[in-house]
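This report walks through a structure, from a local hairpin to the contacts between its chains. Please keep the model open while reading.

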2 protein chains.
Amino acid sequence: MRVAVDLAKASRLLNHGPTVLVVSAHANQRNVMAAAWNMPLDFAPPKVAVVIDKTAFSRGLIEASGEFVLAVPCAAQIDMVVDVGNSSGRDIDKFARWHIATEAAEKVAAPLIQGCLAWLECRIYPEPHIQQTYDLFLAEVVAAWAEDWAFKDGRWQEAPEPQRALHHLGGGNFFTSGGLLQSKVEG
Amino acid sequence: MRVAVDLAKASRLLNHGPTVLVVSAHANQRNVMAAAWNMPLDFAPPKVAVVIDKTAFSRGLIEASGEFVLAVPCAAQIDMVVDVGNSSGRDIDKFARWHIATEAAEKVAAPLIQGCLAWLECRIYPEPHIQQTYDLFLAEVVAAWAEDWAFKDGRWQEAPEPQRALHHLGGGNFFTSGGLLQSKVEG
């Protein structure tokens, strides 16, 4: 079941470096792309950083709306993730091609994609110089969600392979999030 | 054996989202800290982004030298990684405490830490506004290295658990990089 994640723990949704889907919407258009280049940027308020190329159709929707959703997909969605990363929303409706089901987000217009493990609703900090120079977008996380079996008590849980996060190596090859390992040193 | 990585492939060393060690040196001081919040920023020239808190001893060394090394540690180093992330170089010599062996880097003063899987030598792009506002450092990768058995033909290889990369979940808990998974969709 999808449950709200305490914003103080939202950075942990991306802390392990998963590839994410970036979902955007503006006026009557919406799009989804994949992004391995994302990371948390702060705890409170939670912030994120993500790279969105100038050529991406999503870029225009994100700049126009000032918002996006980052969704953490799982191994069961691998083919969709690779395809939405390699195709353009200018040419096709990716939601229709992959029969992507969505739910309304709480605070932004971009929707939440069903079947993912977690979702971060984000509102951009306007930083035109670094957006233009580095294709880098910084944003505040204004709402966060996770499947309660995947992320519990502020921590990701070990899961069967189809429900593990994806870590992109390049060219459609991924590592899945592997086994849990705990340090003997105080964390 | 440590071999040079083609700079055109250097972004792939961080593409899967591993926790890294940030190594810094200035004048007669050096330090090492852990950073889960890192990501590639561009392919050519390769660029990276990493968050370095204002309270970190490393921050002063990095700002003074304009350089750092990102090293990708493995599961065998988990206790050292957690401890250098939780202690300060103001109080202790972390290299001495953990008997960390180093080799000279090629283009920067900060050293390469032995036992890691890969290393990126980085030179900062001066962006004082975002360094100050977001604790965010952007840098060009000027040299890159990897163990030849870990990263081959521009791609990470599956490895036994002690040689897998670490993905920090919080509080000293990690996922290791898991099994390889390939999409049926053209990558």
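## A hairpin in chain B

Val22(B) has Met33(B) as its bridge partner in strand 3 of chain B. The model is predicted. That pair belongs to a longer ladder: strand 2 (residues 20–26) and strand 3 (residues 29–35) of chain B run antiparallel and share seven bridges. Two residues lie between the strands of this hairpin. One residue in the loop between strand 2 and strand 3 of chain B is Ala27(B). Its phi is near 50°, a positive value in a residue other than glycine.

## Cis peptide bonds

Each chain has a cis bond before a proline. In chain A, the bond joining Ala44(A) and Pro45(A) is cis, with omega about -5°. Pro45(A) sits in the loop between strand 4 (38–42) and strand 5 (47–51) of chain A. In chain B, the peptide bond from Ala44(B) to Pro45(B) is cis, with omega near -5°. Pro45(B) is placed in the loop between strand 4 and strand 5 of chain B.

## A sheet across two chains

Strands of a sheet pair through backbone hydrogen bonds, either parallel or antiparallel. Here, four strands make an open antiparallel sheet in the order 13(A)-14(A)-14(B)-13(B). Its edges are strand 13 (166–170) of chain A and strand 13 of chain B, each paired on one side only. From one strand to the next, the twist averages 40°.

Where do the chains join within this sheet? Strand 14 (residues 173–182) of chain A meets strand 14 of chain B through seven bridges, and the two run antiparallel. Within chain A, strand 13 and strand 14 are also antiparallel, joined by four bridges. The table gives one bridge pair from each of these two pairings.

| Residue | Bridge partner | Partner's strand |
|---|---|---|
| Leu180(A) | Phe175(B) | strand 14 of chain B |
| His168(A) | Phe174(A) | strand 14 of chain A |

Helices lie on this sheet. Helix 2 (residues 78–86) of chain A crosses strand 13 and strand 14 of chain A together with strand 14 of chain B. Its direction is at about 125° to strand 14 of chain A. Helix 2 of chain B packs on the sheet too, touching strand 14 of chain A together with strand 13 and strand 14 of chain B. Helix 2 of chain B makes about 125° with strand 14 of chain B.

## The interface

How many residues of each chain are in contact with the other? The answer is 58 residues of chain B and 58 residues of chain A. The two chains bury about 5100 Å² between them, 60% of it on carbon and sulfur atoms.

Polar contacts between chain B and chain A number 22 residue pairs. On the side of chain B that touches chain A, the elements giving two or more residues include helix 2 (78–86), helix 4 (128–134) and strand 10 (136–147) of chain B. Strand 14 of chain B gives the largest share, ten residues. By type, that side of chain B divides into 26 nonpolar, 21 polar and eleven charged residues.

## Salt bridges

The whole structure has 14 salt bridges over all chains. Two of them cross the interface of chain B and chain A. In one, Asp79(A) and Lys184(B) meet at 2.8 Å, N to O. Asp79(B) and Lys184(A) also form a salt bridge, at 2.8 Å, N to O. Why does this pair join two chains? Asp79(B) lies in helix 2 of chain B and Lys184(A) in the segment after strand 14 of chain A, so the pair spans both chains.

Conventions. Residues numbered from 1 in each chain as written. Chains lettered and ligands numbered in written order. Predicted model: local features only at pLDDT ≥ 70, side-chain atom pairs only at ≥ 80, totals over all residues. Heavy atoms only, no water. Contact = heavy atoms within 4.5 Å. Buried area = accessible area lost by both parts, 1.4 Å probe. Salt bridge = Lys/Arg side-chain N within 4 Å of Asp/Glu carboxyl O. Polar contact = N/O pair within 3.5 Å; in protein donor to acceptor, adjacent residues only side chain to side chain. Nonpolar A, V, L, I, M, F, W, Y, C, P; charged D, E, K, R; others polar. Pairing = 2+ DSSP bridges. Axes fitted to C-alpha atoms, helices over the stretch in contact; angles between N-to-C directions.
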